[in-house]
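Colleague: Could we go through this model together? I should like to understand its packing.

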Amino acid sequence: MSTLPPRAGRRCHNALNPLHSCVYFSPDLGKEFGELGIADESRVYFAARGAALGAVGAGAVTATFYNFNHELVARHLPAVWSEITPEAALDARLRAADATLRRVLGEEILASPEMAEAAGLALRAAEACTRHARPLYAAHADLDVPEQPHLAYWHAATLLREHRGDGHLAGLLTAGLDPLEALVSHTATGKGMAPRWILATRGWRRTDWDAAVERLRERGVLDAGGELTEAGTALRAELEEATDRMDSAPYEHLGADGVERLTELGRGFLFTAAAAGAFPDDLVGKG
C-alpha cells in the first residue's frame, strides 16, 4: 500500500522531466553535435538520446523510443555511428546540458544549496529504480554520475524520466495503443505534443495521423470531432495510473516529505527555465 498522497510521484516526475527534456530543444545541443559534424536534427536526437544503448541499430531505438516512425530512425541509425561514437555523443549531450542549464537557470541557481539538495533527493529516489524490462533506464544507470550538482540533478532526472518512460511503454502495449495512436490520444487530452511538432519530428505523415484518428474513432476512444470520448478519457486515465504503479518505487523510497520537497524545488527550477525560453511556445496543444 502506498505511503504517498495520490499522484505524488507523477507530480514529481512532471516537475523534473521537462528540465531534462529541454536539452533536446536547446540550440546548445545542435551546436555541440554540429562541431562533431552531425547537423541533422533527427540524427542529433537519436544519437544524443540513444547513445547510452551503445552503437545500436534502428530496431533497438524504434523499440525503446516507441513513437517514432521506424523509417525515420532507419535513415539515421546505425549510420550515425560511423560518424561519431556513442561515448562522444554522451559527452556532447552532457556539455549541451551544462550550457543549457547555465543559460536558462543562471549561475546563482546552479551554485545554490537548493540545487545541491535537489540533486541529492533525486539521486536518492533513483536508487530504487529497477533495471529489469527497462532498457533505456538500465543503459543510463550504467553511466557515471556527474560531479557538479546541476549536472547530477540533470542526470538523476534522466534516470527517473527513462524509468517511468520504460514502464509507460508497457502500459501502452496493455492499452492496445500503437505508436501513433498513443501520440494522437495524448494530444487529444490537451497535454500532449501539438500535431505539427509530432509530424515534424516523429517521421509520420498527415495520412498516418488521419488513419490513427480513424482507428481510435472506431474503438470509441475519439468522437467525430477528434475529442476524447468518455471511454477515451477513462483509457488515458487508466494508462497514467498504471504507469504510476509501475513507477512508484523511486518515490516510495524517497518518502512523502522528500517527494514533496523535490517537487517544490523542481517546479521552481522549471518555472525559471520556462520563463527563460527553455521550451517552444507552441509545443503542447491540440492544434
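Modeller: The following exchange covers one residue, the nonpolar cores and a pair of helices. This is a predicted model, in which local features need pLDDT of at least 70, side-chain atom pairs count only at pLDDT 80 or more, and totals for chains, interfaces and linings use all residues. Residues are numbered from 1 along each chain as its sequence is written, and side-chain values use heavy atoms, with hydrogens and water left out.

Colleague: Is Thr263 buried or exposed?

Modeller: Thr263 counts as buried because its relative accessibility is 8%; buried means under 20% relative accessible area, with a 1.4 Å probe and protein chains only.

Colleague: And what is Thr263 in contact with, sequence neighbours aside?

Modeller: Beyond neighbours within four places in sequence, Thr263 is in contact with Arg11, Cys12 and Ala15, where contact means heavy atoms within 4.5 Å.

Colleague: Which residues touch the most other members of the largest nonpolar core?

Modeller: Those are Leu16, Phe33, Phe46, Leu105, Tyr153 and Leu262, in a core of 66 residues. A nonpolar core is a set of buried Ala, Val, Leu, Ile, Met, Phe, Trp, Tyr and Cys residues joined through side-chain atoms within 4.5 Å.

Colleague: What does Tyr153 contact?

Modeller: Leaving aside neighbours within four places, the contacts of Tyr153 include Leu16, Met115, Leu262 and Phe269.

Colleague: Turning to helices, which residues of α6 meet α10?

Modeller: In α6, Arg93, Leu94, Ala97, Asp98, Leu101 and Arg102 meet His150, Leu151 and Trp154 of α10. Helices are DSSP runs (H or I, at least four residues), numbered from the N terminus.

Technical notes. Buried < 20%, exposed > 50% of the residue type's maximum accessible area, 1.4 Å probe, protein only. Helix = DSSP H or I, 4+ residues; strand = E, 2+ residues; numbered from the N terminus.
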